[in-house]
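Colleague: I would like to go through this model label by label. For each term, tell me what earns it.

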Amino acid sequence: MKRYQLQAKSIIETLPFITEFYGQTIVIKYGGNAMIDEDLKRAFALNIILLKYIGINPVVVHGGGPQIGKMLKALNIESHFREGYRVTDQATMDVVEMVLVGKVNKEIVNLINLHGGQAVGLSGKDGRLITAEPKELAVEKKDAPPEIIDLGKVGEVTSVNTKLIHSLLNDGFIPVIAPVGVDDKGATYNINADSVAGAVATALGAKRLYLLTDVPGLLDAEGQLITSLTAKEAFEAIRSGVVTGGMIPKITCCLEAVAGVEKSAIIDGRVENCILLELFTKSGIGTEIVY
């Protein structure tokens, strides 16, 4: 009986958070180890389903870099990276689309549905959900003009069809979005999943944007977790070198979204039930960025 009383108390303690987020939209970028470990995959699905059942609208955007790399290797297609972006020719784009849309997306949809949810898989081509244009990348060089890098079929989001997403949410479905976009001429583009998640969250006016990673969040110079940053502090952290490597695009994504999203957070996807812990506890478990 004591154990059940503790469970009841825990449920009651979430009531203020449920009240705050009821009817709101939460965008979650799903990636990293949370997509590989079987226990974490199951926990992720149950977290998403629970949110839907208590009146919160989750929208999932997923990555799939390791799965793409594995398939390219199996097909003997060389993969090149520039400034963290996969240079994407047409052959690579065909593999990216096949893996993200045909394999990874459907695995996530199936995972959620098997555990009692109602998920629908989408790519940017469905209903022109995500329109895109080629990504322009210039690298500054000392004592020389910037280097313009041709990334091929790498794109950036120009618009999001929120009508399609709202329609699915209103009918009780959980949208699961693969980060593939299309331009006005029908060309397909590979887009960074963090960027897609940020663009979707901004377009929907989401209450929260969560980026699941394989680190606790943003760490300071002493290796301690920074639990909260304002947009101004985040810009300074990038400028001063506190933010480095793969954390730069994640912080940048949060900064781009923060004007349209109340809070963004980078959270550790290796922690079981990380979404519920971030959403339904006062302290959270990651690094939040507020306007």
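**Labels and what earns them**

Modeller: Start with β13, a strand covered on both faces. Arg208, Tyr210 and Leu212 are buried on one side, and Leu209, Leu211 and Thr213 are buried on the other. This is a predicted model, in which local features need pLDDT of at least 70 and side-chain atom pairs pLDDT 80 or more, while totals for chains, interfaces and linings use all residues. Numbering runs from 1 along each chain as its sequence is written, and side-chain values use heavy atoms, without hydrogens and water.

Colleague: What makes β13 mostly covered?

Modeller: Six of the six residues in β13 (208–213) are buried. Buried means under 20% relative accessible area; exposed is over 50%, and partly exposed lies in between (1.4 Å probe, protein chains only). Strands (E, at least two residues) and helices (H or I, at least four) are DSSP runs, numbered from the N terminus.

Colleague: How do you know which strands pair with β13?

Modeller: Pairing takes at least two DSSP bridges between two strands. Strand β1 (residues 25–30) shares four with β13, in the parallel sense. Val27 stands opposite Leu209 there. Strand β15 (residues 263–268) is joined to β13 by six bridges, also parallel. Lys263 in β15 is the bridge partner of Arg208. Both counts meet the cut-off of two, so both are pairs.

Colleague: Why is isoleucine 56 called buried?

Modeller: Its relative accessible area is 0%. The limit is 20%, so Ile56 counts as buried. Ile56 sits in the loop between α3 (38–53) and β2 (57–62).

Colleague: What does isoleucine 56 touch?

Modeller: Contact means heavy atoms within 4.5 Å. Leaving out residues up to four places away in sequence, Ile56 touches Phe21, Tyr22, Gly23, Gln24, Ile26, Leu51, Leu279 and Phe280. Phe21 is 35 residues away in sequence, yet the two C-alpha atoms are 6.3 Å apart.

Colleague: Is glycine 198 buried or exposed?

Modeller: Buried, because its relative accessible area is 6%. Gly198 belongs to helix α7. Beyond four places in sequence, Gly198 touches Leu209, Cys253 and Ala257. Ala257 is 59 residues away along the chain and 5.3 Å away in space, C-alpha to C-alpha.

Colleague: What makes the largest nonpolar core a core?

Modeller: A nonpolar core is a set of buried Ala, Val, Leu, Ile, Met, Phe, Trp, Tyr and Cys residues joined through side-chain atoms within 4.5 Å. The largest one has 42 residues. Tyr30, Ile112, Leu212 and Ile275 have the most contacts inside it. Helix α5 (residues 90–114) gives the largest share, 11 residues. Another core, of 39 residues, lies apart from it, with Leu168, Leu169, Ile177 and Ala206 among its members.

Colleague: What does tyrosine 30 touch?

Modeller: With the same sequence neighbours left out, the contacts of Tyr30 include Met35, Phe44, Val60, Ile108, Leu111 and Leu212. Lys41 and His62 are also among them.

Colleague: What lines the largest cavity?

Modeller: On a 1 Å grid over the protein atoms alone, a cavity is a set of points where a 1.4 Å probe fits but cannot get out, and lining residues have an atom within 4 Å of a point. Leu40, Phe44, Leu212, Asn273 and Ile275 are among the residues that line this one. Two elements, α3 and α10 (274–279), supply two or more lining residues each. The most come from α3, with four.

Colleague: Which residues lie nearest the centre of the largest pocket?

Modeller: A pocket is an open set, with protein on both sides within 12 Å along at least five of seven lines. Here 43 residues form the lining, and Gly84, Tyr85, Asn192, Ala193 and Asp194 lie nearest the centre. Helix α9 (247–257) gives the most, six residues. Strand β13 supplies at least two, and α7 (193–204) does as well.

Colleague: Why is arginine 128 called partly exposed?

Modeller: Its relative accessibility is 38%, so Arg128 falls between the 20% and 50% limits. Arg128 lies in the loop between β5 (119–122) and β6 (130–134). Its phi is positive, near 50°, in a residue other than glycine. Asn273 is also no glycine, with a positive phi of about 65°. Asn273 sits in the loop between β15 and α10. Its 32% relative accessibility makes Asn273 partly exposed.

Colleague: Which strand has the lowest mean pLDDT?

Modeller: pLDDT is the predictor's confidence in each residue, from 0 to 100. Strand β7 (residues 137–141) has the lowest mean among the elements, 70, and strand β10 (residues 174–177) the highest, 98. The chain mean is 88, with 97% of residues at 70 or more.
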